[in-house]
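Open the structure in your viewer and keep the selection panel at hand. We will take it in stops, beginning with the whole chain and then picking out one part after another.

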Amino acid sequence: MRTSAPVPVLTIDGPSGSGKGTISRLVAEHLGWRLLDSGALYRAVGYAAGMAGLDLSDTEAVTRCAAGTRIQFRAAPDGGETRVIVNGHDATDELRTETAGAAASAIASVPSVRQALVALQLGFRKGPGLVADGRDMGTVIFPDAAYKVFLTASAAERAKRRYKQLKEKGLSVTLSSLQSEIEARDARDASRAVAPLKPARDAVLVDTTGMGIEDVVAEVLAVVKP
């Protein structure tokens with residue numbers, strides 16, 4: 001009996017500010033594959049928890065929130081950033097703030113929250129292929145992925161990128177505070193007991209420090225063999 005080949009998956013993991021979001025979107029567009037922004041899922045739950053006034057240390061309440069939050073991805077009509085709809089509200093801009101990122105990092109360390117979102121993430125694996133962007137895509141969610149990349153960059157470089165993004169959105173931030181937050185999040189994500197941030201053993205490491213977007217995209221695409 002013949003069985004169909006599994007839907008191909010390219011996982012792109014890495015710390016905050018390494019360029020995962022932009023690179024994943026461009027690579028997915030080039031390949032014509034679906035896109036999963038797993039970080040947006042955790043940010044969405046953190047956002048929903050905040051809107052509900054929940055204490056992020058209340059694991060039972062946050063887990064219920066994770067299971068009940070409705071999250072949708074919609075292509076932007078102008079071809080820009082994918083919109084993230086949380087419980088019927090376009091929360092895309094709110095999810096990109098450092099506050100949302102810190103909330104996502106905090107709840108991502110809760111095993112029951114991660115478990116509540118596993119099935120949702122696995123459901124994105126549909127033809128013709130999937131580019132999965134996150135922190136544990138290649139190690140936990142899609143360990144059988146045919147193609148794996150781990151993007152990184154220096155903390156200083158990542159802080160500069162976030163600073164530019166947030167200033168362009170009119171947000172008041174300082175470069176020094178951003179770098180401190182990024183370094184603290186790196187330490188927290190790498191040391192957590194559940195799905196710590198680390199490259200999969202078979203992942204290709206790409207240091208994006210000083211690299212242009214087109215060069216990074218080309219290097220990632222080279223990992224996907226015809």
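Colour the chain by secondary structure to begin: this predicted model holds ten helices and eight strands. Zoom out until everything fits on the screen. The C-alpha trace spans about 50 × 45 × 40 Å along its principal axes. The radius of gyration is 17 Å, which agrees with the value near 17 Å for a compact globule of 226 residues.

Switch on the surface for a moment. Its accessible area comes to about 11,200 Å², and carbon and sulfur atoms contribute 54% of that. Buried residues make up 45% of the chain's 226 residues. If you draw the contacts with a separation of 6 or more, 74% of them link residues 24 or more positions apart.

**Stop 1: the five-stranded sheet**

Hide the surface and select β2, β6, β1, β7 and β8. In that order, these five strands form an open sheet with parallel pairing. Which strands stand at the edges? They are β2 (34-37) and β8, and each has a single partner strand, so one side of each is left without a neighbour in the sheet. Look along the sheet from the side: neighbouring strands are turned by 20 degrees against each other on average, direction ignored.

Now add helix α10, residues 213-221. This helix packs on the sheet, where α10 touches β1, β7 and β8. Its direction makes about 150 degrees with that of β7.

**Stop 2: strand β7 and its two partners**

Select residues 147-152 to isolate β7. Is this strand mostly covered or mostly open? It is mostly covered, with five of its six residues buried.

On one flank, add β1 (residues 9-13), which runs parallel to β7 and is joined to it by four bridges. Show two of the facing positions as sticks: T11 stands opposite K148, and D13 stands opposite F150.

Then bring in β8, residues 204-207. Four bridges also connect β7 with β8, again in the parallel sense. Click on V149 here, and you will find that its bridge partner in β8 is V204. As you step along the strands, recall that side chains in a regular strand alternate between the two faces of the sheet.

**Stop 3: the three-stranded sheet**

Clear the selection and pick β3, β4 and β5. This second stop on sheets shows an open one in the order β3-β4-β5, and its pairing is antiparallel. The edge positions belong to β3 (71-74) and β5 (89-90); each has a single partner strand, so one side of each lacks a neighbour in the sheet.

Focus on β4, residues 83-86, which pairs with β5 through two bridges in the antiparallel sense. What is the bridge partner of V86 in β5? It is H89. To finish this view, select residues 38-51: helix α2 lies across β3, β4 and β5, and runs at about 130 degrees to β3.

**Stop 4: an aromatic pair**

Stay with β3 and show the rings of F73 and F124. The structure holds one aromatic pair, and here it is: the ring centres are 5.7 Å apart and the planes stand at 70 degrees, so the pair is edge-to-face. F73 lies in strand β3, while F124 sits in the loop between α6 (111-122) and β6 (130-134), so the pair ties together parts that are 51 residues apart in sequence. F73 itself is partly exposed, with a relative accessible area of 26%.

**Stop 5: Q121**

From there, move to Q121 in helix α6. Is this residue buried or exposed? Q121 counts as buried, because its relative accessibility is 0%. Select its surroundings next: beyond residues up to four places away in sequence, Q121 touches L36, S38, L41, Y42, M137, I141 and F142.

**Stop 6: I182**

For the last stop, select helix α9, residues 175-191, and find I182 in it. I182 has 1% relative accessibility and so counts as buried. Leaving aside neighbours within four places in sequence, I182 is in contact with S16, R158, A159 and R162. Finally, draw a distance line from the C-alpha atom of I182 to that of A155. These two residues are 27 apart along the chain, and the line should read 6.7 Å.

Key
Residues are numbered from 1 along each chain as its sequence is written. This is a predicted model: local features need pLDDT of at least 70, side-chain atom pairs count only at pLDDT 80 or more; totals for chains, interfaces and linings use all residues. Side-chain values use heavy atoms; hydrogens and water are left out. Two strands pair if DSSP finds at least two bridges between them. Contact means heavy atoms within 4.5 Å. Axes are lines fitted to C-alpha atoms, for helices over the stretch in contact, and angles run from 0 to 180 degrees between N-to-C directions. Rings of Phe, Tyr and Trp (its six-membered ring) pair if their centres lie within 6.5 Å; planes under 30 degrees apart count as stacked, over 60 as edge-to-face and the rest as tilted. Buried means under 20% relative accessible area, exposed over 50%, partly exposed in between (1.4 Å probe, protein chains only). The radius of gyration is taken over C-alpha atoms; the globule rule is 2.2 Å times the number of residues to the power 0.38. Accessible areas come from the Shrake-Rupley method with a 1.4 Å probe; for residues, only the protein chains shown count as cover.
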